[in-house]
Structure formats: C-alpha cells, structure tokens
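Let's walk through this structure together, with the ligand as our guide. Have the model open beside you as you read.

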Amino acid sequence: MSTTAPRLLQVRRSEQITPRMVRVTLVGDELAGFGGDGPDRRIKMFFPVPGQERPAVPRATSGGPLWPTGEPRPTIRTYTVRRFDATAGELDIDFVLHEGRGPAAAWARDAQPGAWVGVSEPGGRYVPDPAATFHLVIGDETALPAVTTVLAALPAEVPALAFLEVADAAEEQLLPGAAAIRWVHRGAQPPGEPLAEAVRTATLPAGRGQVWLAGESACVRDLRRHLLDDRGLERRAVYATGYWRAR
Ligand SMILES: Cc1cc2nc3c(=O)[nH]c(=O)nc-3n(C[C@H](O)[C@H](O)[C@H](O)COP(=O)(O)OP(=O)(O)OC[C@H]3O[C@@H](n4cnc5c(N)ncnc54)[C@H](O)[C@@H]3O)c2cc1C
C-alpha cells in the first residue's frame, strides 16, 4: 500500500457501456492532486462491506497504515484508471459485470450517485519502449480499460497489434491509436483459451517487440511462457499481469 491514505470518493453517475461493462464516474474533494495520468495506472479500490455506508480506510502514519478500530475492514480489489480528468474533477473506472459476481462487480452494478468508495494512489510501471520495433497488446475484457490507455500511448509510426478476448461482438469497444485490432470471441469456451490460441497461431513481425499482456492468470502465465520460449522475446520486454483467477 502507498504511504498516502486512500481517498474517499463518491459516485457521480454510472453508465452501461456494453452489456457486461459499467463505467462508474467518481468525484470528490479528495481527488485533488490525484496522479492518474499515463498508460496502465492501477489503483486499489476499497468497497464498503454490507451494512456500511462508507468503507473503513486506513490513515497514513509514519509507522504504516493505521486502520480505525471497531470497524470492519473493506473489500479491496484492483482496478484501472480508465480516465482521470483533473479539470472536471472526475475519475472513471470501467467494471466488468462478470458471472462470478464478486463484491466489486456487485457494487458497480448497484452503484447509485452518492455511494462512497475508497481509492489508493495509482501505481504501474509500464512505459512504451522507444527502441521497440513493434508492439503487442494482449488482454481480455478486464484489461480493456488499461488496453485503451496503453494503445493511446503507443507511437503511431511503430507497428502495433492487439489481441483482445471478449464474450461476444457486443463487448467490442472503439479503441484509440493505430494498432491492428484482432477481436477474439469467447462464446462458450473457457476464459483465456481462444486468446491463447489466437496469439499462438499469429504471425508476428520480426524484430524487437514489446508486449503488454493481462487477463485471466493461467492464460497470462501460458502466453508469457510462449512469448519468451517460442517467440524469443526478451524477458524485460514482456510486461505481464494476471488480473483474475478462473475457479
Ligand atoms: C492491475 C489490475 C487491474 C485491473 N483492472 C480492472 C478493470 O479496470 N476492470 C475490471 O473489471 N477488472 C479489473 N481487474 C480485475 C479485477 O480486479 C478482478 O476481476 C476482481 O477479481 C473482481 O473482483 P470481484 O469482487 O468482482 O470478484 P472476486 O470476489 O474477486 O471473485 C469472485 C468470483 O468471480 C470470478 N471472477 C473474478 N473476475 C472475473 C472475471 N473478470 N470474469 C469471470 N469471472 C471472474 C472469480 O474467479 C471468483 O470465482 C484488474 C486486476 C488487476 C490485477
């Protein structure tokens, strides 16, 4: 956790952007000074537990985070800064309404204006490598918010390919940048399988590639290994994160 206490924010509005994705816009005085710019900025979100209006959040002290006593700890999940607009004072987070319906997805589905949530300082280390001769961007729908910010940050003159797995055509989104986008529809297949197949059978450009990869954890592990072992990409050129675990 960062040394800064999480910011307590409120829902301004929410919008269904595809059948399985909802965009929640957060506002609040505590957004001042938020550093949400750049590609792939990750935040911890602190959700209230049932019966609580506001999540308990720790206070930052020089001895580390100090939690309020006598209050239940919040549910904590990781999400992506989809858009931060300092002028409008708005922070957008896009939530997949997945079938597992954990507490975070359920909160997003039901979020009403005024609802409280806590947000950590953004982190993330990905930066496009100016020496890369091509870029690969690979992910599933949980990765789409980050993919959008990654594609927007890639240099237009370097070839870029994106492989993106979503449930079906209704989950495709308009994406920025000049990358060639290959949408893969999951249908009834297990998550990650069609994505792994699409990448494994793709013809990739020759040269020094850089990869951004995220999605279901087993699929990410499998594809990372494939990119390093079978495609000969450099270890530090593959930025891979498991976002969730299929059970
Ligand atoms: C760096 C990072 C950035 C992320 N950014 C985003 C983001 O911007 N938007 C977003 O929607 N998610 C994002 N995720 C993924 C998100 O954190 C997980 O999907 C999380 O598990 C959701 O929490 P939950 O409380 O809804 O479900 P949990 O309580 O964690 O899980 C409940 C059940 O749902 C299943 N499950 C969880 N996620 C999915 C899924 N996507 N599809 C199908 N089943 C699922 C689990 O296997 C489990 O059985 C990100 C994850 C990381 C690590």
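Both domain 1 (7-119) and domain 2 (134-244) give at least three residues to the shell around the ligand; the domain bounds come from an automatic or database domain assignment. This is a predicted model, in which local features need pLDDT of at least 70 and side-chain atom pairs count only at pLDDT 80 or more, while totals for chains, interfaces and linings use all residues. Residues are numbered from 1 along each chain as its sequence is written, and side-chain values use heavy atoms, with hydrogens and water left out.

Around the ligand there are 21 residues (each with a heavy atom within 4 Å of it). Thr78, Asp94, Val96, His98 and Arg245 come nearest. Sorted by class, the shell holds nine nonpolar, seven polar (Gly is counted here) and five charged residues.

Now look for the polar contacts, pairs of N or O atoms within 3.5 Å. A backbone N or O atom of Thr78 is 2.7 Å from a ligand oxygen. The side chain of Arg77 places an N or O atom 2.9 Å from an oxygen atom of the ligand, and a polar backbone atom of Pro103 lies 3.1 Å from a ligand oxygen. Taken alone, the ligand exposes 930 Å² (Shrake-Rupley method, 1.4 Å probe), and the protein buries 85% of that.

Which elements give two or more residues to this shell? They are strand S6 (75-80), strand S8 (90-96), helix H1 (103-110) and strand S14 (238-244), where helices are DSSP runs of at least four residues and strands of at least two. The largest share, four residues, comes from S6.

Notes
Polar contact = N/O pair within 3.5 Å; in protein donor to acceptor, adjacent residues only side chain to side chain.
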